[in-house]
Amino acid sequence: MVKFMKLTCSIAMATYNGERFLQEQLDSLAIQSVLPDELVVCDDASTDETIRILRAFAETAPFPVRIVENQENIGVFRNFELVTKLCEKDIILFCDQDDVWHPEKIEKVMFVFEAEPEVGLVLHDLEDVDQNLNPLPASYGAWRIFNTGMNISDFPMAFQKEAILPVLRNSLGSWHGCAMAYRRKWTSILLPFVGYHDRWILNFLPCFTRSRFLSEKLIYYRHHSNNVTAPIMGAVKKVKNSRKSFFRFIPRWWRSIKKRIGLYRVPKEKESAELIYVRQVILERIRTQNMNISNQEVVQYYQQYIL
């Protein structure tokens with residue numbers, strides 16, 4: 001097991017009725033080449049065997065496990081916010097309840113933070129699998145490209161140069177929280193989250209710190225009927241099963257790609273209220289925090305569409 005790491009790390013997991021796949025995820029955490037310094041779990045009032053599975057794992061886990069049981073269901077947004085607040089180590093890695101981590105995930109992510117102290121956000125690629133961990137066709141992940149407006153192979157160089165504007169342009173850029181880690185020192189300025197934690201972090205942190213993207217696929221990202229991306233899966237299946245829908249889908253997909261790479265801009269008056277609100281919050285927090293801004297290009301971009 002690798003032991004050279006100087007930084008410590010917390011795994012932040014939010015659970016809710018996750019008994020079906022939770023044990024596999026926990027087992028993958030226990031065999032990491034670099035073990036976490038803590039696993040913090042906030043359970044959102046599960047009614048199945050989730051708590052029993054967590055408690056049993058905590059008794060034998062090779063690292064400390066803290067379990068917080070919400071007395072009432074507070075929803076996925078606030079549950080991730082709560083578990084983030086409770087993490088105490090240098091680096092926070094978000095963890096879904098239904099995926100499986102590659103054994104070297106923590107080691108490879110932590111190596112970036114160790115090697116580059118100026119980097120505050122690390123993202124990585126993932127492997128799409130079905131509920132039985134069988135690989136899905138390469139085309140199945142096309143919705144991620146649609147969502148980001150970039151080809152996955154473009155990300156490493158783009159993030160090394162901090163050219164993240166193609167991800168943010170004209171929309172709320174997003175990446176999977178389960179494929180994301182950041183330095184805990186930024187938690188105070190990140191909270192409270194506005195909407196999904198992963199989308200918020202990707203839109204906000206690049207203003208203040210440098211980002212890196214690892215092209216390696218470090219988790220098995222499980223698709224099944226009960227996960228958050230189920231509506232997206234259903235949309236993809238409909239596209240595949242309906243020729244008519246497919247040809248209707250292509251113009252919208254291409255417009256989104258053009259938006260993200262700067263070939264097309266949505267007029268300011270047509271931008272969504274959500275997008276405008278998020279940018280307003282980002283600018284307000286920038287103004288109220290006495291901190292250095294590392295990426296003036298991003299800040300100027302937000303100002304251009306708000307002021």
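Here are some worked exercises on a predicted model of one protein chain.

**Exercise 1. Get an overview of the chain: how many helices and strands are there, and what share of the residues is buried?**

Step 1: Start with the secondary structure. The chain has 13 helices and eight strands.

Step 2: Turn to burial. Of the 307 residues, 51% are buried.

Step 3: Look at the surface. The accessible surface is about 14,400 Å², and carbon and sulfur atoms account for 52% of that.

Step 4: Check how far apart contacting residues sit in sequence. Take the contacts between residues at least 6 apart: 79% of them join residues at least 24 apart.

**Exercise 2. Work out which residues of helix α1 are buried, and where they sit around the axis.**

Step 1: Find the helix. α1 covers residues 22-30, and its buried residues are L22, Q25, L26, S28 and L29.

Step 2: Ask how they are spread. These residues span an arc of only 160 degrees around the axis, so they lie on the same side of α1.

Step 3: Recall a bit of helix geometry. An α-helix has 3.6 residues a turn, so residues three or four places apart point the same way.

Step 4: See what that side meets. The buried residues of α1 pack against strands β1 (9-15), β2, β4 (91-95) and β5, and also against helix α2.

Step 5: Link this to the core. The largest nonpolar core has 73 residues, and L26 and L29 are among those with the most contacts inside it. As background, nonpolar side chains in soluble globular proteins tend to be buried together.

**Exercise 3. Describe how strand β8 pairs with β5 and β6: which partner runs parallel and which antiparallel?**

Step 1: Take β5 (residues 100-101). Two bridges join β5 to β8 (residues 210-222), and these strands run antiparallel. One residue to look for is V100, whose bridge partner in β8 is Y220.

Step 2: Now take β6 (residues 119-129). Here nine bridges make the link to β8, and the strands run parallel. In this pairing, V129 stands opposite R222.

**Exercise 4. Examine the pair F94 and Y182: are the rings stacked or edge-to-face?**

Step 1: Set the scene. The whole structure holds seven aromatic pairs.

Step 2: Get the geometry. The ring centres of F94 and Y182 are 6.0 Å apart and the planes are at 25 degrees.

Step 3: Apply the cut-off. Planes under 30 degrees apart count as stacked, so F94 and Y182 are a stacked pair.

Step 4: Place the two residues. F94 is in β4 and Y182 is in β7 (residues 180-183), so the pair ties together parts that are 88 residues apart in sequence.

Step 5: Check burial. F94 has 0% relative accessibility, so it counts as buried. Y182 also comes out at 0%, so it is buried too.

**Exercise 5. Explore helix α9: what do H197 and W200 touch?**

Step 1: Locate H197. This residue belongs to α9 (residues 197-204).

Step 2: Decide whether H197 is buried or exposed. Buried means under 20%, and H197 has 7%, so H197 is buried.

Step 3: List the contacts, skipping residues up to four places away in sequence. H197 touches F80, F94 and G177.

Step 4: Do the same for W200, leaving out neighbours within four places. The contacts of W200 include L190, P192, V278 and I282.

Step 5: Add the aromatic company. W200 forms one aromatic cluster with W186, F204 and F208.

**Exercise 6. Look at the unusual backbone spots: where are they, and what are their angles?**

Step 1: Remember the background. Most residues other than glycine have a negative phi, and most peptide bonds are trans.

Step 2: Inspect P192, in the loop between α8 (187-190) and α9. The peptide bond from L191 to P192 is cis, with omega near -5 degrees.

Step 3: Go to N17, in the loop between β1 and α1. Its phi is positive, near 45 degrees. With 31% relative accessibility, N17 counts as partly exposed.

Step 4: Finish with A45, in the loop between β2 (38-43) and α2 (50-60). A45 is not a glycine, yet its phi is positive, about 60 degrees. Its relative accessibility is 24%, so A45 is partly exposed.

Step 5: Find the company of A45. Beyond its neighbours within four places in sequence, A45 is in contact with Y16, N70, E72 and N73. A45 and Y16 are 29 residues apart in sequence, but their C-alpha atoms are 6.8 Å apart in space.

Note on methods. Residues are numbered from 1 along each chain as its sequence is written. This is a predicted model: local features need pLDDT of at least 70, side-chain atom pairs count only at pLDDT 80 or more; totals for chains, interfaces and linings use all residues. Side-chain values use heavy atoms; hydrogens and water are left out. Helices (H or I, at least four residues) and strands (E, at least two) are DSSP runs, numbered from the N terminus. Buried means under 20% relative accessible area, exposed over 50%, partly exposed in between (1.4 Å probe, protein chains only). Contact means heavy atoms within 4.5 Å. Two strands pair if DSSP finds at least two bridges between them. Accessible areas come from the Shrake-Rupley method with a 1.4 Å probe; for residues, only the protein chains shown count as cover. The arc is that of the directions from the helix axis to the C-beta atoms. A nonpolar core is a set of buried Ala, Val, Leu, Ile, Met, Phe, Trp, Tyr and Cys residues joined through side-chain atoms within 4.5 Å. Rings of Phe, Tyr and Trp (its six-membered ring) pair if their centres lie within 6.5 Å; planes under 30 degrees apart count as stacked, over 60 as edge-to-face and the rest as tilted.
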